[in-house]
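Colleague: I would like a close look at a single part of this protein, the open sheet and what packs against it. Could you take me through it slowly, and then say how that part sits in the whole?

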Amino acid sequence: MASDQKMSVLLASNRGPVSFRYDDTGALHCVGGAGGLSSALAAIPRQENALWVAAALSDADRLAARSTPDGRLDAGGFDTGTIPVRLLDIEPLTFARAYNGIANSTLWFLHHLLFDTANTPIFDARFRHEWESYVEYNLAFAEALAHSADPGARVMIQDYHLSLAPRLLRERRPDLAISHFSHTPWAPADYFRLLPDDVAVDLLEGLLAANNTGFLAPRWAQAFLTCCEGILGAVVDRDRGTVDYAGHRTFVGVHPLGIDADNLRARADQPDVWARMAGLRDLVGDRRLLVRVDRAELSKNIVRGLIAYRELLRHRPQWRGRVVHVALAYPSRHDIPEYREYAAAVQRVAEEIVEEFGSPDWDPLVLAVDDDYARSLAAYRMADVAIVNPVRDGMNLVAKEIPVLSDDGCAVVLSREAGAAVELGDAALLVNPFDIEATADAMHTALTMDDDERRTRSARLAATASACPPKRWLTDQLDALAAAARA
Ligand code: G6P
């Protein structure tokens with residue numbers, strides 16, 4: 001494929017579907033990417049005229065990008081096993097400031113309401129450097145997309161890393177149909193106003209340059225509309241889902257993402273998963289199994305979840321010796337101190353619980369922090385109860401994956417602040433994620449639920465969870481984008 005071939009469909013995200021590693025001999029190897037976004041977008045069929053643009057995240061990625069013509073990994077001898085990928089070789093300091101400083105310390109905290117407002121955020125000279133890097137990072141994407149897009153091509157830009165890219169791309173290529181999708185919640189207007197005024201305006205104007213901007217749940221879309229109205233003075237039509245601003249109309253849509261049940265079940269039927277299930281069976285015996293699986297990250301509310309479990313054991317002694325809590329908390333964004341400190345806090349509370357209740361013949365809690373996907377799938381299949389209690393979450397796919405994989409029905413204790421709660425509703429046990437007593441009570445209710453009710457609820461959850469699989473989610477948005485560009 002020639003390096004200047006133009007594409008009719010382009011995806012853009014920070015993390016791409018593949019990454020690179022050096023092996024022992026120093027040779028580069030292409031491996032599948034991690035993260036919810038990657039697995040969702042990997043559903044796009046291999047097609048000649050589609051391109052996925054992502055950032056090089058490591059030195060190995062940068063080397064791979066440099067060693068291929070125009071950074072296109074399909075053209076340079078790497079079989080990515082997905083659509084052609086172009087990794088952008090962004091200067092490491094610029095990347096780190098944009099990714100760690102703005103995307104994951106500022107915007108992630110903003111949209112998940114994680115600031116500790118007595119101390120953070122602080123918008124000082126350091127923030128301004130980070131913001132400049134964020135602009136530069138977005139510009140690198142806009143230029144790569146502008147360069148590779150056919151006239152009238154559809155470009156789907158993903159997430160808070162790339163909030164400015166729609167506008168920067170529109171300025172370069174007014175002919176394109178551009179969408180932006182937020183996989184996070186969107187902050188309420190009063191919280192969004194914590195940002196410096198120019199930054200708040202740039203972020204909103206960045207998204208509004210798209211033809212379509214999408215969210216996972218109605219709440220997040222409504223919050224975005226309120227910000228557009230209150231901060232920009234844009235004209236919002238809530239019935240039609242449109243924002244008119246600076247002579248341009250943006251359609252705001254809600255596209256809840258679901259699970260590819262067949263694929264997931266096939267993956268969970270592999271020998272590595274069966275082996276992990278045997279290990280779990282040895283650990284749990286005839287006790288009840290309570291499971292959680294998260295990235296160790298502040299919005300997931302793991303500490304409160306563990307404290308709720310401790311409350312359950314303290315105040316309902318009948319569960320002592322009769323339940324095992326397996327908590328899988330995978331490392332995430334460890335370059336950022338707040339994330340490291342949070343992972344350490346999770347570890348501390350877990351140790352306290354084991355100290356308080358553990359005995360030679362009962363492990364009340366097993367916390368594992370090493371990444372092992374097969375073990376997660378084994379836990380999904382075997383869980384009697386799952387706890388998914390984020391303080392706030394765009395969707396939360398774990399809450400959907402567990403019932404889809406459950407062998408004998410799983411009762412799901414679910415935060416009402418997760419986007420998934422809107423769809424899964426009362427088939428789950430909804431809780432206020434800050435209310436530890438209520439969470440402990442919900443754990444008790446879930447653990448005592450009779451088999452018929454648990455299986456019935458779990459089947460309802462599974463049906464809802466697989467209603468809009470990733471392929472349809474993508475196709476719906478491509479159709480919506482074509483329609484919006486014609487309007
Ligand atoms: C989660 C969020 C996505 C985000 C991703 C980034 O999956 O739901 O909105 O894009 O994290 O994770 P990363 O590990 O790449 O920082």
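Modeller: Let us begin inside the sheet, where strand 12 (residues 288-295) and strand 15 (residues 385-388) pair in the parallel sense over 2 bridges; strands here are DSSP runs of E with at least two residues, helices are runs of H or I with at least four, both numbered from the N terminus, and two strands pair if DSSP finds at least two bridges between them. Within this pair, Leu290 stands opposite Val385 in strand 15. Before going on, please note that this is a predicted model, in which local features need pLDDT of at least 70 and side-chain atom pairs count only at pLDDT 80 or more, while totals for chains, interfaces and linings use all residues. Residues are numbered from 1 along each chain as its sequence is written.

The open sheet has 6 strands in the order 14-13-12-15-16-17, with parallel pairing. At its edges stand strand 14 (365-368) and strand 17 (429-431), and because each has a single partner strand, one side of each is left without a neighbour in the sheet. On average, neighbouring strands of this sheet are turned by 15° against each other, direction ignored. Helix 12 (residues 337-357) packs on the sheet, where this helix touches strand 13 (323-330) and strand 14, and its direction makes about 155° with that of strand 14. For such angles, axes are lines fitted to C-alpha atoms, for helices over the stretch in contact, and the angles run from 0 to 180 degrees between N-to-C directions; contact itself asks that the C-beta atoms of two residues, placed from the backbone, lie within 7 Å.

Now for the whole protein: the domain assignment, whose bounds come from an automatic or database source, gives domain 1 (7-257 + 472-486) and domain 2 (261-465). Their C-alpha centres lie 30 Å apart, and the contact takes 17 residues from domain 1 and 14 residues from domain 2. On the side of domain 1 that touches domain 2, helix 3 (92-111) and helix 8 (218-232) are the elements that give two or more residues, and helix 3 gives the most, with 3 residues.

Asn104 is found in helix 3, and this residue counts as buried because it has 21 C-beta neighbours inside 10 Å, the cut-offs being 20 or more for buried, 12 or fewer for exposed, and partly exposed in between. Leaving aside residues up to four places away in sequence, Asn104 touches Tyr99, Arg333 and Ile336.
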